[in-house]
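Work through the exercises below with the structure open. Each task is followed by a solution in steps.

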Amino acid sequence: MISLLGPRRRSLVQLQQATCVALRLSTRRSSRLLAPRRAASTVTDLHCFPSVGEKLHGFTIRQKEHVPELHLTAVHLNHDKTGADYLHVAREDKNNVFGIGFKTNPPDATGVPHILEHTTLYPVRDPFFKMLPRSLSNFMNAFTSSDHTTYPFATTNTQDFQNLLSVYLDATLHPLLKGEDFRQEGWRLGPENPRLPETPAGFAGPNQLKDNIVFKGVVYNEMKGQMSDANYLYYIRFTEHIFPAIKNSGGDPQFITDLTHPQLVEFSRKNYHPTNAKIFTYGDMPLSDHLQQVGSVLNAFDKEKADTDIKLPLDLNSGPLNVTVDGPIDSFTSENRQFKTSTSWFMGDSTDVVETFSVGILSSLLLDGYGSPLYRALIESELGSSFTPNTGLDTSGKIPIFSVGVSGVLEADVPKVKETVQHVFRESFSARFSDEKVQGILHQLELALRHKTANFGIGVMEKTLSSWFNGRDPMRELAWNEVIDEFKRRYAQGGYLESLLQKYLVNDNNFTFTMVGSPTFNKELDESEMVRRDAMLSELSAKLGSVEAAISKLKDEELELLRIQEEAQHADVSCLPSLHVSDISRQKEHKPVRESQVDDVDVVWREAPTNGLSYFQALNVLNFLPDDLRLLLPLFNDCIMRLGTTNRTMEQWEDLIKLRTGGISVASFLVSSPTELERFSEGLHISGFALDKNIPVMLEVIRSLITETDFTSPTAPRMILELLRSTTNGALDSIAGSGHRYAVNAAAANLSRKSWVQEQQSGLSQLQATANLLCDAESSSDRLGDLIGKLRQIQSFAISRSSAFRVRMVCEPSSASGNENILQKWLATLPSASRAPPTLKQDKFMSHSGPVLYDLPYKVYYSGLAMQTVPFVDPSSAPLSVLSQLLTHKYLHPEIREKGGAYGAGASNGPTKGIFTLSSYRDPNPIASLKVFKNSGFFARDRAWTERELEEAKLGIFQGLDAPTSVDEEGMRYFMSGVTDEMEQRWREQVLDVTARDVNRVAQKFLVDPLQQAICVLGEKKEWANSSEWDVKKLSFGRQEDIVSGSNSEATATTP
């Protein structure tokens, strides 16, 4: 998996609600906490750890420190024999984390660190995938970052932790790195389908023979998909030019095919060594146990030379640099706005933790929120439609890089973007920054730290490793109070942030990077791939004497790899440790809720330790919603967080939200009934959290924004257009990031009205509808006026005190009574009842069973097959979930990923949705994958499933079912969908009791003999889609009226 380390601009209206996210804020900042302190527990008691200089199991303690504001104790150690660096973070948290990382500066763009991550193997192939169903881990992955590679996991089970630790250490430090695994995971050249009958001799010329030869490999196809994401492409090309010393660690398909297996082996030998490693553990398990197990493995190695080379970006001291490159066209953006441009400055040295924190505050002041000066100057002014993906402060390297840019720019306006940014810097220096805004940022950090998150340890690891590999002291990264105290001291002297602005940003030592959309970009990529293929075939043909001989050799190699892959499916994996179903409790952990009525509104209460925070959640059920208004709900939600009210601008509202709350949000929701397949609820979901004392303010902010947002102001039309442009710009990239989900949701939309409504809310239909709205609004002021009228209509019933309105509160037991009084007063201020709008249009849902292709400019495909099953309480629900696990690990993964070269494939059962899906991700051959999908039911029906296989499937289910949850999520499932504790307990027992016969039965009923199935594929239209079987649709900017639906019709998604 590639980790995109570029910063993402964050709106402080929706600031992070998890401490681990706060730890990874672009500021890399620390915070003086106002959270209540507590005495160190036994787990974190500093005296329970050896003194500095003492030795334990072959490690020497270098530093140790208790950090009360984070409720943790950190211990920094070195392994005596190898010099391996080790950081242990002790905390009262049962979700324990391990991670081992290696410095992996890439020598070129062949993706050798990334391919090594995929081919790091144990005595069995794919040890990490094979451990997934043998574990109760709630997190297991591997990440290739720009200059290091990390292998982390998290689990609450002690035996599971020890099992996974043994596998991770053995797999990374003793990898097999077989040639066939390099060919499977990296790249190879071979026939697209080696088992197809050959064309008879004399009937096929050399060109026809060559056309069947393609580049394959999991990483190769993954990166073809990644490069189809224009945002990723912009970021990686920007990084390559500003940071030429750091090559593309993920790999560029143009260069991946230059990598050889011996080069991979040598890179592993050089870099995957304890001397070159950073090891991290976190949680409540004893450090001594970890050191004993880790040390026993490390002791087999001797110390070698570590890679301490810290790469640096370009030298900008000689003045401004400019680079322009070509990129793909964004079909969701106007033809004359195909430019993306950004300018970057360096901001000191990240080893200066206080200054790095401080320039992070500066970055937030300049960029975050609709009221920020750079948002107003660049996007509100219509210079661009959205920020470029590199916008923000990136502190992942030794030198922090601050970048600002916009997409959707006119060619003539490209120079103006940089000029405007520099003008904002000068104005900000002269005007000085608002203290209220600075205090709002600090308040957000305080609340983020108070929030009790389930994945705090993973957040600490992610924050620490990057800086650790770049020469920073990991202990300093956790010194929150020291850093914030020093920031406050400097800030109190006056002009501190302005001095940093002047020091780093008010100069011409910058780098401007521009990407121009080219209509021939994708075609040129295809041609380049064919040139590389032909060159390799020609070289092989010259060596073997003919094209036919070369192709025959490639076919033989491909068939041999298939043989190895098929043998591996039956390999003995007993050498891998495993938990057992007996390790799972039959009894669900009970987290009680209570229910009450406040002014006839149903309220669900979850009382638990929350560090003085109260969490609010509300649902306004809108089951009467007309179809045309449903499509506008996402835009309405954006509007109420953008337009402002008659008495406050949005900037003023943002300042209040930051100062008095942890963030508020409004979104559409749809939930299924657990008892009836076709029954569902939809409407608006409202949430927020704050310190107990600020709950009245937070609720009043919510009421005001929903009921008083001013759609009639002179600026409202401009802001609505701005929101529409921001949503459509880059929409294709958002699809590519999770194309398999869009595919299965679009397929399911053909099966039932419930799934169709979901697609209207958040699927491809929603994206096309937004593009159509923008086209209409830009072309006609009357249509824009009609749109505003519909948004005001939604506002009239968006929130009300009625039986359709429900509330959930999570708070300390001592705060419940006070919150109930506050809630009662607030509910009294709401409108008394919803005013149901007239049904303006008839229901558009029509069942459709034929396969659908969305013709999109991606170099790989995303496929989905969906079928309706049963509601949550049906006895078949549990066997279907077990079936999904079995198909994923025993059939789809080996057939579609290993043999087919797709990046991913899997089956999923949505127990509360009543939908079973099969999907593939970044798939070079969707037709072959659809054949695998079709055969899945027969495979599952006819297989004699063993007890070991059933046990692994059940363990896979309970990984998610019993994963730790954040305190604000407790009681949410019951509140949202009505799934009771009794229903969950019954389903839990049913899963544990599923038999092989149950799996065979549901495979026959729902996969072999389904009442209805639907298929959707996303990607470029090829010859196979020309048959009458396929219904071809397009997504693009501009209204395209639907052509009469029929065989192979060209049509757009549903429009409002």
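**Exercise 1. A helix pair**

Task: Describe how H13 and H14 pack, from axes to residues.

Solution.

Step 1, geometry. In this predicted model, the axes of helix H13 (residues 373-380) and helix H14 (residues 414-431) come within 10 Å. They cross at roughly 150°.

Step 2, direction. Angles over 145 degrees count as roughly antiparallel. H13 is therefore roughly antiparallel to H14.

Step 3, handedness. H13 and H14 make a right-handed crossing.

Step 4, residues. H13 contributes Pro373, Leu374, Ala377 and Leu378. On the H14 side they meet Val417, Thr420, Val421, Val424, Phe425 and Ser428.

Step 5, class. The contact of H13 with H14 has eight nonpolar residues, two polar and no charged.

**Exercise 2. Parallel or antiparallel?**

Task: Decide how H4 runs relative to H11, then list the contact.

Solution.

Step 1, geometry. Helix H4 (residues 158-173) packs on helix H11 (residues 287-298) at an angle of about 25°. Their axes are 11 Å apart.

Step 2, direction. The cut-off for roughly parallel is under 35 degrees. H4 and H11 are therefore roughly parallel to each other.

Step 3, handedness. The crossing in which H4 passes H11 is right-handed.

Step 4, residues. From H4 come Phe161, Gln162, Leu165, Ser166, Leu169 and Leu173. They meet His290, Gln293, Val294, Val297 and Leu298 in H11.

Step 5, class. Seven nonpolar and four polar residues make up the contact of H4 with H11, with no charged ones.

**Exercise 3. A contact with charged residues**

Task: Which residues of H35 and H37 make the contact, and how do the helices cross?

Solution.

Step 1, geometry. Helix H35 (residues 947-961) and helix H37 (residues 981-992) have axes 10 Å apart and pack at about 155°.

Step 2, direction. H35 and H37 are therefore roughly antiparallel to each other.

Step 3, handedness. H35 passes H37 in a left-handed crossing.

Step 4, residues. H35 supplies Lys954, Ile957, Phe958 and Leu961. H37 supplies Trp987, Arg988, Val991 and Leu992.

Step 5, class. The contact of H35 with H37 counts six nonpolar and two charged residues, and no polar ones.

**Exercise 4. Two hairpins**

Task: Trace the strand pairing from S1 through S2 to S3.

Solution.

Step 1, S1 with S2. Strand S1 (residues 55-56) pairs with strand S2 (residues 59-67) in the antiparallel sense, over two bridges. Lys55 stands opposite Thr60 in S2.

Step 2, the turn. S1 and S2 form a hairpin with two residues between them. His57 in this turn has a positive phi of about 55°.

Step 3, S2 with S3. S2 also pairs with strand S3 (residues 72-79), in the antiparallel sense over eight bridges. Here Lys64 stands opposite Val75 in S3.

Step 4, the second turn. The hairpin of S2 and S3 has four residues between the strands. His71 takes a positive phi near 55° there.

**Exercise 5. A six-stranded sheet**

Task: Give the strand order of the open sheet, its edges and the helix H25 that lies across three of its strands.

Solution.

Step 1, order. Six strands form the sheet: S18-S19-S23-S20-S22-S21. The pairing is mixed.

Step 2, edges. Strand S18 (594-598) and strand S21 (664-672) are the edge strands; each pairs on one side only.

Step 3, twist. From one strand to the next, the twist averages 25°.

Step 4, one pairing. S18 and strand S19 (residues 601-607) run antiparallel and are joined by five bridges. Gln597 stands opposite Asp602 in S19.

Step 5, the helix. Helix H25 (residues 695-708) lies across strand S20 (613-621), S21 and strand S22 (680-691). H25 runs at about 140° to S22.

**Exercise 6. An aromatic pair**

Task: Classify the pair of Tyr903 and Tyr921, then place both rings in the chain.

Solution.

Step 1, count. The structure holds 36 aromatic pairs.

Step 2, geometry. Tyr903 and Tyr921 lie 5.8 Å apart, centre to centre, with 40° between the planes. The pair is tilted.

Step 3, location. Tyr903 is in the loop between helix H33 (877-899) and strand S26 (904-910). Tyr921 is in strand S27 (residues 915-923). The two are 18 residues apart, and the pair links distant parts of the chain.

Key:
Residues numbered from 1 in each chain as written. Predicted model: local features only at pLDDT ≥ 70, side-chain atom pairs only at ≥ 80, totals over all residues. Heavy atoms only, no water. Pairing = 2+ DSSP bridges. Axes fitted to C-alpha atoms, helices over the stretch in contact; angles between N-to-C directions. Parallel < 35°, antiparallel > 145°, perpendicular 65-115°, else oblique. Left-handed = near helix turned anticlockwise from the far one by under 90°. Contact = heavy atoms within 4.5 Å. Nonpolar A, V, L, I, M, F, W, Y, C, P; charged D, E, K, R; others polar. Phe/Tyr/Trp six-rings, centres within 6.5 Å; stacked < 30°, edge-to-face > 60°.
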